[in-house]
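Visitor: I'd like to walk through this one and hear the reasoning behind the labels. Could you take me around?

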Amino acid sequence: MPPDVLKSLPAPVTSPASGHAEGVSNDEFRAALSRLAGGVVLLTAQEPPLDPDDPRAPEGEYAGMTATAFLSVSLEPPLVLVSLRTGSRMDDLLDEQPLWGVSMLAESQRHIAGRFAMKGRLSDRLLFEDIPYTRGEATGAPLVGGALATLECRTEQRVEAGDHTLVIGRVLRARVPSAEGGPLVYFKGRYRQLG
C-alpha cells in the first residue's frame with residue numbers, strides 16, 4: 001500500500017479485557033467459532049520404539065486425540081491439515097514421529113470422541129483397550145473400526161500458528177469401509193448428529 005493510504009488507516013484497537021490487537025476477546029472468538037460445525041476425527045499415532053537401534057526393543061504405545069480442526073488441503077498431492085495445541089502430547093509425538101492415522105468418526109462413535117478428548121484422562125493404552133481397531137499398513141497407527149473413513153498420513157510440514165501447530169500430512173492410504181450412518185459433528189461446544 002502507498003504510505004499515504006497507510007497513514008489514513010485507523011490504528012488497531014486493543015481491548016483491555018483481551019489484549020488482542022483488534023479488540024476480540026477470547027470469549028467472543030470462541031462463541032463466534034462455535035457456530036462453525038466441524039467433523040470429528042480421532043488422530044492416532046504409535047510412539048517410536050524405546051530403543052530404535054535395538055530390533056528387540058518394545059514398540060512404543062499408541063496415542064490418540066480427538067480433533068475437530070481437520071481439513072482437506074490439496075488433491076494433487078493429497079494433503080490434509082490438523083491443528084494441534086502446541087506442546088500437547090500429540091504435537092510432541094508428531095514432531096518426532098512423522099506417521100499418523102485419522103479415523104473419521106460416525107455419529108454412533110460419540111463415546112470414542114469423548115474418551116479421547118477428556119482432560120486428566122487415563123493412559124492411552126487403557127483408552128484403546130475396548131475399541132475395535134486395525135493397525136494401519138503404511139503407518140502402524142490404530143484405525144478405528146466402524147469409522148466412516150480412515151486415512152494414513154506422513155507429515156510434510158509443520159507450521160507454528162499462535163498457540164497451535166498446523167500439521168500438514170500427505171495421505172498415503174485412504175479407505176472407505178462400509179460403515180453405516182452419518183458423521184459425528186461438533187457444533188456449539190457439543191457433539192451432534194446431522195438431521
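**Reasons behind the labels**

Guide: Let's start at a turn: a hairpin of four residues joins strand 4 to strand 5. Keep in mind that this is a predicted model.

Visitor: What makes strand 4 and strand 5 a pair?

Guide: Pairing takes at least two bridges between the strands. Strand 4 (residues 70-74) and strand 5 (residues 79-85) have four bridges, in the antiparallel sense, so they count as paired. Within this pair, Ser74 sits opposite Leu79 of strand 5.

Visitor: What does the whole protein contain in the way of helices and strands?

Guide: Five helices and twelve strands. Of its 195 residues, 36% count as buried. Among contacts with a separation of 6 or more, 63% are between residues 24 or more positions apart.

Visitor: Why are strand 1 and strand 12 called edge strands?

Guide: They belong to an open sheet of three strands in the order 1-11-12, paired antiparallel. Strand 1 and strand 12 (190-193) each pair on one side only. Strand 11 (residues 184-187) is joined to strand 12 by four bridges, and Leu184 faces Gln193 there.

Visitor: Which residues have the most contacts inside the largest nonpolar core?

Guide: That core has 19 residues, and the best connected within it are Leu43, Val82, Leu84, Met90, Leu94, Trp100 and Val102. Elements giving it two or more residues include strand 2 (41-46), strand 5, helix 3 (89-96) and strand 6 (99-104). Another core, of 13 residues, lies apart from it and includes Leu42, Leu127, Phe128 and Val144.

Visitor: What does Val82 touch, leaving out residues up to four places away in sequence?

Guide: Leu43, Ala67, Ala69, Phe70, Trp100, Thr165, Leu166 and Val167.

Visitor: How do you know whether Thr150 is buried or exposed?

Guide: Buried means under 20% relative accessible area. Thr150 comes out at 8%, so it counts as buried. This residue lies in strand 9, and beyond its neighbours within four places in sequence Thr150 contacts Val102, Ser103, Leu143, Val144, Arg173, Ala174 and Arg175.

Visitor: And Leu36, buried or exposed?

Guide: Exposed takes over 50%. Leu36 has 60% relative accessibility, so it counts as exposed. You'll find Leu36 in the loop between helix 2 (26-33) and strand 1 (38-39). Together with Val24, Phe29 and Leu33, Leu36 makes a nonpolar surface patch of about 390 Å².

Visitor: Why is Leu172 called partly exposed?

Guide: The label covers the range between under 20% and over 50%. With a relative accessible area of 34%, Leu172 is therefore partly exposed. Leu172 is in strand 10 (residues 164-175). Leu172 contacts residues beyond its neighbours within four places in sequence, including Leu99, Ala138 and Cys153. Leu99 is 73 residues away from Leu172 in sequence, with 9.5 Å between the C-alpha atoms.

Visitor: What makes Glu47 and Arg89 a salt bridge?

Guide: The cut-off is a side-chain nitrogen of Lys or Arg within 4 Å of a carboxyl oxygen of Asp or Glu. For Glu47 and Arg89 the closest N and O atoms are 2.5 Å apart, so the pair qualifies. The partners are in distant parts of the chain, 42 residues apart, with Glu47 in the loop between strand 2 and strand 3 and Arg89 in helix 3. Glu47, at 25%, is partly exposed, and so is Arg89 at 38%.

Visitor: How many salt bridges does the structure hold?

Guide: Seven. Glu156 meets Arg154 in one, at 3.2 Å from N to O. Glu156 also forms a salt bridge with Arg170, where the closest N and O atoms are 3.4 Å apart. That pair links strand 10, home of Arg170, to Glu156 in strand 9, 14 residues apart. A network of salt bridges also ties together Asp91, Asp95 and Arg158.

Visitor: How do you know that Arg170 is partly exposed?

Guide: Again, the label runs between under 20% and over 50%. Arg170 has a relative accessible area of 27%, so partly exposed is the right label. Its partner Glu156, at 37%, is partly exposed, and Arg154, at 32%, is partly exposed.

Note on methods: Residues numbered from 1 in each chain as written. Predicted model: local features only at pLDDT ≥ 70, side-chain atom pairs only at ≥ 80, totals over all residues. Heavy atoms only, no water. Patch = residues over 30% accessible without salt bridge, like charges linked within 9 Å, V, L, I, M, F, W, Y side chains within 5 Å. Areas by Shrake-Rupley, 256 points an atom, 1.4 Å probe, with all protein chains shown as cover. Buried < 20%, exposed > 50% of the residue type's maximum accessible area, 1.4 Å probe, protein only. Contact = heavy atoms within 4.5 Å. Core = buried A, V, L, I, M, F, W, Y, C linked by side-chain atoms within 4.5 Å.
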